[in-house]
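Please open the structure in your viewer and keep the sequence panel at hand, since each stop on this tour begins with a selection.

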Amino acid sequence: MRRLSIVAVALVTALLVATPALAVDEVNTKRLRNAVTVGGILSHERVFQRIANQNGGTRASGTPGYDASADYVAGRLRAAGYTVTEQEFTFPFYQELSPAVLEQVSPTPTPYVTGTFDFSGTGDVTGGVVPTNDVVIPPTPAPSSTSGCEAGDFTPAPANEPAVALIQRGTCTFEDKANNAIAAGYDAVIIFNEGNPGREDLFIGTLGNPFDIPVVGLSFADGAALVAQLQAGQTVTMHVATETEIDPTRTTRNIIADSPTGNADQVVVVGAHLDSVIAGPGINDNGSGSSTILEIAEEMAELGIRNRQQVRFAFWGAEELNLLGSEHYVNTLSDDDLGKIVANLNFDMLGSPNYVRFVYDGDGSDTPTAGPPGSAQIEALFNDYFASQGLATEPTAFDGRSDYGPFIAVGIPAGGLFSGAEGEKTVEEATIYGGTAGAPYDPCYHQACDTTNNLSTKALNELGDGAAHAVMTLARTRTGFFEDGSLRARAAVSAKRQSFSSQAAA
């Protein structure tokens, strides 16, 4: 799962309001759920682990580890009878070459635990620290801080001497914050966490695009202590050093596999990102989602399930670098091909050790943003299934952090499952789901320890069955999401499809 939350999903999502949830046809999915096993999922996870072991501990896009992962997935899908397309695209590759350095030089020499933001430039800066004028300490309920989101948040950097901007996480993208700091004349940037629950520890995000200056992270406690020093009138000098590699034209690929059966004019895209972060093998994030949909694809073929809708299994590249693979896929579809996609199911992290059964909040009843029309029905499909198994679920927001983003931006219904990332499990969640309150859902999120030892087989079993149920139901349903029984949601595609807009608003 990508580090940076997109603050605003595309305008079309805000304009489209989900229709009242109409249940899709009930489909008996038991034989597929029985065939999709934890053992089958783990068989793919072990291959991904071995690939990472043989390639410097990573499967990140643009590395040999990703290429080997893509070759493995494509080969398995071809052998199962799918029509496989390998969609290449270029992207800005980034990796950290040496650990970041952040230390207070004066008045109190102090080393800090830090990390380099993705797409930070290489640099070695020693200069005075200047906070934005709108930090919020202590934090108010999230999002509490708009620090660095406006040019006026910065005191202009001193002329002719290095300066370091201190910015609080919150509201806008890290890219916007860093760009505003550069425009104000700063030579390096420190971004400290916001301070709300789940946003207290050191957090390292992505800038989205290459930068020329060093950008590093800091925990809320350390950032707040620095702010207190500065507000007390002390002059604080900081040393910031980073070493990175950025290649703006590295090549990677999506793996797209179409089922041999089903109406090619009604396509259900089932997606998971295949890449890891540079720092680790990505066995939960997102080997768990990739392995699960690969297992579902193979078992559907083995069982000879005849789909009414074509199922397109998609393994996205460069998700960790700002959803680049899924964005490239959606942006390169013709209007007609885009109009054939009736739904997107997204599975990004299904095996978190301290998991919760999160379902994307398609109707927007519990979170700020609803998905396009049809998303409410996908949410209900998951919730009804888990309820039938006596299992609770929790809503999670369409916050732009995974590959559903480009689909909902053009009005395609979306939904999926998520077992939790860096956020902390609440006491209430621990009561319902077990596990440890106050601990991260995934303690190895975006780290080298995200290995095959970082998986809950119970989560894989429950969420794997939920994923299989949803895929087969949408593949086999006769009707669909809308009042006329249509599976097509084409309002965002072209003016020719205005009839859907009228129907959805009725």
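Begin by selecting T252 and S61, whose side chains make a polar contact with each other at 3.4 Å; as you look, bear in mind that this is a predicted model. T252 is found in strand β7, which you can highlight by selecting residues 237–258. Is T252 buried or exposed? T252 counts as buried, because its relative accessibility is 2% and buried means under 20%. To see what surrounds T252, add the residues that it touches, leaving aside those up to four places away in sequence: S61, G62, Y66, Q87, E88, F89, F91 and A318.

Next, move to helix α7, residues 287–303, and show it together with helix α13, residues 457–476. The axes of α7 and α13 come within 10 Å and cross at roughly 50°, which makes α7 oblique to α13. The crossing in which α7 passes α13 is right-handed. On the α7 side of the contact, select S288, T292, I296 and M300, and on the α13 side select L460, G464, A467, A468, V471 and A475. Coloured by class, the residues in this contact of α7 with α13 comprise seven nonpolar and three polar ones, with no charged residues.

Keep α7 in view and add helix α4, residues 64–79, whose axis lies 10 Å from that of α7, the two helices packing at an angle of about 15°. At that angle, α4 and α7 are therefore roughly parallel to each other, and their crossing is left-handed. Which residues of α4 should you select to see where this helix meets α7? They are Y72, V73, R76 and L77, and their partners in α7 are L294, A297 and E298. Sorted by class, this contact of α4 with α7 has five nonpolar residues and two charged ones, but no polar residues.

For the last stop, leave α7 displayed and bring in helix α3, residues 38–53, where the axes of α3 and α7 come within 8 Å and cross at roughly 130°. This crossing angle means that α3 and α7 are oblique to each other, and α3 passes α7 in a right-handed crossing. In α3, select G40, I41, H44, E45 and F48, and then, in α7, the residues that they meet, namely G287, S288, S290, S291, T292, L294, E295 and E298. By class, the contact of α3 with α7 divides into three nonpolar, seven polar and three charged residues.

Definitions and conventions
Residues numbered from 1 in each chain as written. Predicted model: local features only at pLDDT ≥ 70, side-chain atom pairs only at ≥ 80, totals over all residues. Heavy atoms only, no water. Helix = DSSP H or I, 4+ residues; strand = E, 2+ residues; numbered from the N terminus. Buried < 20%, exposed > 50% of the residue type's maximum accessible area, 1.4 Å probe, protein only. Polar contact = N/O pair within 3.5 Å; in protein donor to acceptor, adjacent residues only side chain to side chain. Contact = heavy atoms within 4.5 Å. Axes fitted to C-alpha atoms, helices over the stretch in contact; angles between N-to-C directions. Parallel < 35°, antiparallel > 145°, perpendicular 65-115°, else oblique. Left-handed = near helix turned anticlockwise from the far one by under 90°. Nonpolar A, V, L, I, M, F, W, Y, C, P; charged D, E, K, R; others polar.
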